[in-house]
Structures are given as structure tokens and as C-alpha cells.
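Q: Please take a close look at one buried polar side chain in this model and the contacts around it. Then set that part against the rest of the chain.

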Amino acid sequence: MKKIKALLAVLLACCILFASTGCIIQINTEKNNNIVLATIDGTHDILKKDYLPLFSYYATMYEYYGMELTNDIRDQCLDTLIREKVYELEMDAIEFNVNEEDLKKAREDYDKEVQDLADSYKENDDKEDSERDYLQEAKDYYAEYFEENDTTEEEYIDDIAQTYRFERYKKYLITDANIKDDAILARYNELKSKQTQSPDLDADILIYTPSGVEYKYFTVSLTTEEMAEYEKLISEGKTEEAEKYAKEKGLAHADEFIKKLKTKTFETVIDEANEFLKNSCGVDEEDLIKSDEMQKHYKYTNSTTGIKGELDAKLLSLATGTTTGALYTEKGTYVVAKCYGRFASETVPYEIGSEVYNEIKEALESEYIEKKWTEKSETLMNKHKIDIFKGRYHNKNY
């Protein structure tokens, strides 16, 4: 499979974040770039330039965490490349090719990579520059990477698609994953018991949702001028004064919008809050609550995670239809929420053919295939003559 190119691009993106720590190991990518590290069947070579991306990934991560790179790790990197090449040869031999669904998933993965990189740029921008187009910068980064590595976006996406091709290939070879209903029911009961005792709204297969509150919300923040004053106080070492300033100014803005809720709908006030954030606070359009999102009811439970999990239970504890006040988060930002009712806990029932049934069946099939693949992969490897030249890469200065 050809997923190493994609791995290198992700590595380089990560290096942007690691750079601030000084933990970037230097790899010579020019010296002896075409040296052969291993040969498959005497005709298919693994070159240093094929090996470097994966080795660079491990080298950077190990350096970052202060761990030692051993020859076992070097061997593992090469073994991964050899196996991927063998699997690729086996798939090619029976014309088991990438299909449209593989490419569709790969495109989605690529788009997410670009967005994640844009988000990392934004998160690491202390100035929060409203003039910066973080998404375009991420796209430019990948465009530059493609040019430097003599590849294209389409080829990169095809590399990612090879992973999905390979997953289908494993299912093609291992056809005896006959999952019975009793095994699916047993896994369902296991998940239900676990989630009931310790709710997890982010579970891959969600069986149980605890009771909670449905709500809508919007945020207000410091204006650009107020944020400048806040940062000035911080730079002068007046942290306590800065925090007090931010809370007072932010709360004053929140109170203005809470007063508007006495005569206007919550959705209308969200619109006005969006305009305030965009025009006075320098918030990017893409970070505002969209019109279609205004109609959604979010759900809050004691197990809510992520940004929504930061909402205080007290903020959502009052009766249906009330605006509950303002919750301070940080840097002058306040959240204003309105309850739209409570919902009871819910357990998805076990039904043959249901979405949860199919999710569990797929998970069990994947587990079975992965277990059997160890044996199957060795059979494939033994069909090929593999020569490895350890002396060419067992070198700390490599």
C-alpha cells in the first residue's frame, strides 16, 4: 500500500507544532537516497527514500518524548514497508484495485487533514489575527508539499485510498467471519452495562444516553479594542487586573443581549450576537453559528464532553423556556443559553437488523479479521523471497 507519502505530510504538519519545543531530529534526506535496503523477489526494491518518511516519523516522535531509537525500531520500519509492498503485489496480481468508495473516503480524510492543520494554525496563533485565512494557509502548505515531492493532490488522495483498498482486501481473503446473533447480543449487553455505569456520549457505538437538558446558546466576547487592553495588562504582569477587566467588560456585553431576549426570539438575538462578534470582535465568519444550526437543540448531560461539556450544569438547571444567564469561560467570553426542555435517559433497544445491531456486527467482524490476519499475512509473506540489508540502515547517523 502507498500510505507512507500521506504519513510524511502529516509528520511535517506535526513538526510545525513540535518546532517550538526544539524536538525535531535532523535526517539527511539527500545522502545515498537511492541505496537499496531490501529486495522482494529480486525485482522490487525498498530504497532509502522509501524508508525515510516512516523512519522520520518515528524519529521525531521518539525524540519528542525523549525515547531512544533502537535497531529494533529501525527493523520495524523496514518490515512495515516490506509487508506493504508484498500486500500491494498480491492485490495487483488479482487486479484488486481502488474503487470509487475508497477514493470518496480518501477525499474526506484529506479534507479533514487540511482542516485540522488550519485549526492548529489558529490554535497556535496568539494574536488571533482575524485577517489570516487559516484554511487557505493549510491548502498552500499541502500545495507546496506536493510540489516539493513531485506529486499531486490526486496522487496523494490515491495513496490514502490504498488503506481502504487494503481493508477490503483483508475481508476478501478472510471470508469465514460468520458473526452469530448471540455474539452480537452479548456485545450489546456488554456495551449497555458499561455505558449505563459510566456514560460516554462519544462511544463508537452509543447504547445509553443519560438524562439531560436540551438547549440553544450563543457567545459574546471582548471587542478588538478591549482585547488589546486585556493583552496590554497581561504583558505588564497585571494578570489579576486583566482578568477582572475581561470579566466585567464581557459580562456587560452579555447583559446587553440578555435584555434583548425580553422582546426578541432567541434565534434573532443569536443573529445579532453573530454580527457583534464579526464586526466588533474580529471573529471569523466560519466560526459563527450558522443559520441552520440555530434551529438545532443541543443536548447537555453530566457526561457531555468537548466544548459543550464546558457548560456549567447550573446554567442549564432552570425551567423550560428561561434564559439562564451568562457563564464566563475565558478572556472575556460569556456563554448565554436557553433551556428548551429536559429529556429522559434513553437506551437503544436490541433489534436484529437495526443500526446498532449492524454497527456491532461490523465491529465484531473487524475484530475477527484482524485476529485472523496475522496468520494470513505470514502466508502471503512466505510466498516471496525477501533480502534485507541491515548494515545499510543500522546507523544512528542515518
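A: The side chains of Thr39 and Asp45 form a polar contact of 3.1 Å. The model is a predicted one. Thr39 sits in strand β1. Its relative accessible area is 10%; the cut-off for buried is under 20%, so Thr39 counts as buried. Once neighbours within four places in sequence are set aside, the residues in contact with Thr39 are His44, Asp45, Lys385, Ile386, Asp387 and Phe389. Asp45 therefore appears both in this contact list and as the polar partner of the Thr39 side chain.

Strand β1, residues 36–40, also supplies at least two residues of the largest nonpolar core. That core has 29 residues, and the members touching the most others are Tyr51, Leu78, Ile82, Val86, Tyr169 and Trp373. At least two residues each also come from α2 (48–64), α3 (71–93), α6 (153–173) and α11 (355–381). The largest share, nine residues, is from α3.

Val86 is a useful residue to follow from here. With neighbours within four places in sequence left aside, Val86 is in contact with Ile40, Leu380, Met381, His384 and Ile386. Ile386 is in contact with Val86 and also with Thr39.

A second core, separate from the one above, has 25 residues, among them Ala242, Leu261, Tyr328 and Tyr334.

Another polar side chain to inspect is that of Glu113, in helix α4 (residues 100–123). Glu113 is buried and has no salt bridge. The nearest side chain of opposite charge is that of Lys112, at 9.1 Å; a salt bridge requires the charged atoms to be within 4 Å. The Glu113 side chain does make a polar contact with the side chain of Tyr142, at 3.0 Å.

For the chain as a whole, there are eleven helices and nine strands. The chain has 398 residues, and 39% of them count as buried. Among contacts with a separation of 6 or more, 72% are between residues 24 or more positions apart. The contacts of Thr39 with Lys385, Ile386, Asp387 and Phe389 and those of Val86 with Leu380, Met381, His384 and Ile386 can be viewed alongside that figure. The accessible surface of the chain is about 22,900 Å², and carbon and sulfur atoms account for 47% of it.

Methods. Residues numbered from 1 in each chain as written. Predicted model: local features only at pLDDT ≥ 70, side-chain atom pairs only at ≥ 80, totals over all residues. Heavy atoms only, no water. Core = buried A, V, L, I, M, F, W, Y, C linked by side-chain atoms within 4.5 Å. Buried < 20%, exposed > 50% of the residue type's maximum accessible area, 1.4 Å probe, protein only. Helix = DSSP H or I, 4+ residues; strand = E, 2+ residues; numbered from the N terminus. Contact = heavy atoms within 4.5 Å. Polar contact = N/O pair within 3.5 Å; in protein donor to acceptor, adjacent residues only side chain to side chain. Lys, Arg positive; Asp, Glu negative; His and termini not counted. Areas by Shrake-Rupley, 256 points an atom, 1.4 Å probe, with all protein chains shown as cover.
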